[in-house]
Amino acid sequence: MDNTAPLIIIGAGGHGRVAADTACESGWNVSGFLDLSLIKGTQLNGIEVLGDGKNTEPFSDFTGHAFFVGIGNGSIRWREFNTLTAAGLPVPNIIHPFTHISSSASIGRGTLVAAGAVVQANVQIGDAAIINTGARIDHDCQIGNGAMIAPGCVLCGDVIIGAHAFIGAGSIVTPGVTIGDGAFVGAGSVVIENIAKDAVHKPFRKLSLK
């Protein structure tokens, strides 16, 4: 969808504020935040907290708005995304103007592509994913729903990232590797082999010096 509708960001934490900045820089009119943890009327970077999006100011109160889930926690982000889409509310992608996205790439709904990201030919990205600052996604990669690609990651060609997987900051995933649904890859990893569903990959081990 285009950016003519006013936009509300769900979540006003760190990721929510990045999403709001990205939206503003992409030409969206950000009306405000909805956040359970903040008092209505609070100002964050010049944007007002409009309510909590639940009991006092439900989504239905904001007719004509688009919504974006700016929550870093993957399970909560996915839950809120599904709440919005089940209600038939518009959930656009937010894409920073200083990115490169191939014309042959495809992106679902509710995904953030942050400043400096590169998305190359024939990449497929699902719904409610995060392609964070400076991440580089090379040709023919597949990134599942709700996945997080943290700042500075490099995914070489033909990598598959499962739904709700987390790839920590600065990690490198070598060509053709598959990372399963829900897997966690720690920051700074170099991944050269497949990682199973829900597995945890840590880049370093603490060594005892004798």
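**Figure 1. Strand S4 and its parallel partner.** Two strands count as paired here if DSSP finds at least two bridges between them. By that rule, strand S2 (residues 29–34) is a partner of S4: the strands run parallel and 2 bridges join them. Please keep in mind, as you look through these views, that the model is predicted. To find your place in this close-up, look for Leu34, which stands opposite Gly51 in S4. S4 itself spans residues 47–51. Is this strand mostly covered or mostly open? It is mostly covered, as 4 of the 5 residues in S4 are buried.

**Figure 2. The hairpin of S3 and S4.** Here S4 meets another partner, strand S3 (residues 43–44), and this pairing is antiparallel, with 2 bridges. Gln43 is a handy landmark, standing opposite Glu48 in S4. Together S3 and S4 make a hairpin, and 2 residues lie between the strands. Which residue in the turn has a positive phi? That residue is Asn45, with a phi of about 55°. As a reading aid for strands in general, side chains in a regular strand alternate between the two faces of the sheet.

**Figure 3. Cys141 and Cys156, two cysteines without a bond.** The structure holds 0 disulfides. Why does Cys141 not bond to Cys156? The closest cysteine sulfur to that of Cys141 belongs to Cys156, and at 7.8 Å it is too far for a bond, because a disulfide needs the two sulfur atoms within 2.5 Å. Seen from the other side, the sulfur of Cys156 likewise has its closest cysteine sulfur in Cys141, at 7.8 Å. The surroundings of each are worth a look too: Cys141 counts as buried, at 1% relative accessibility, whereas Cys156 is partly exposed, with a relative accessible area of 23%.

**Figure 4. Where domain 1 meets domain 2.** The chain is divided into domain 1 (7–92) and domain 2 (93–209). Their contact takes 18 residues from domain 1 and 18 residues from domain 2. Taken over C-alpha atoms, the centres of domain 1 and domain 2 are 24 Å apart. The size of an interface is often given as the accessible area lost when the parts come together. How much area is buried between domain 1 and domain 2? The value is about 1,500 Å², and carbon and sulfur atoms give 66% of that area. If you are looking for salt bridges across the interface of domain 1 and domain 2, the rule finds 0.

Technical notes:
Residues are numbered from 1 along each chain as its sequence is written. This is a predicted model: local features need pLDDT of at least 70, side-chain atom pairs count only at pLDDT 80 or more; totals for chains, interfaces and linings use all residues. Side-chain values use heavy atoms; hydrogens and water are left out. Buried means under 20% relative accessible area, exposed over 50%, partly exposed in between (1.4 Å probe, protein chains only). Domain bounds come from an automatic or database domain assignment. Contact means heavy atoms within 4.5 Å. Buried area is the accessible area (1.4 Å probe) that two parts lose on being put together, summed over both. A salt bridge is a side-chain nitrogen of Lys or Arg within 4 Å of a carboxyl oxygen of Asp or Glu.
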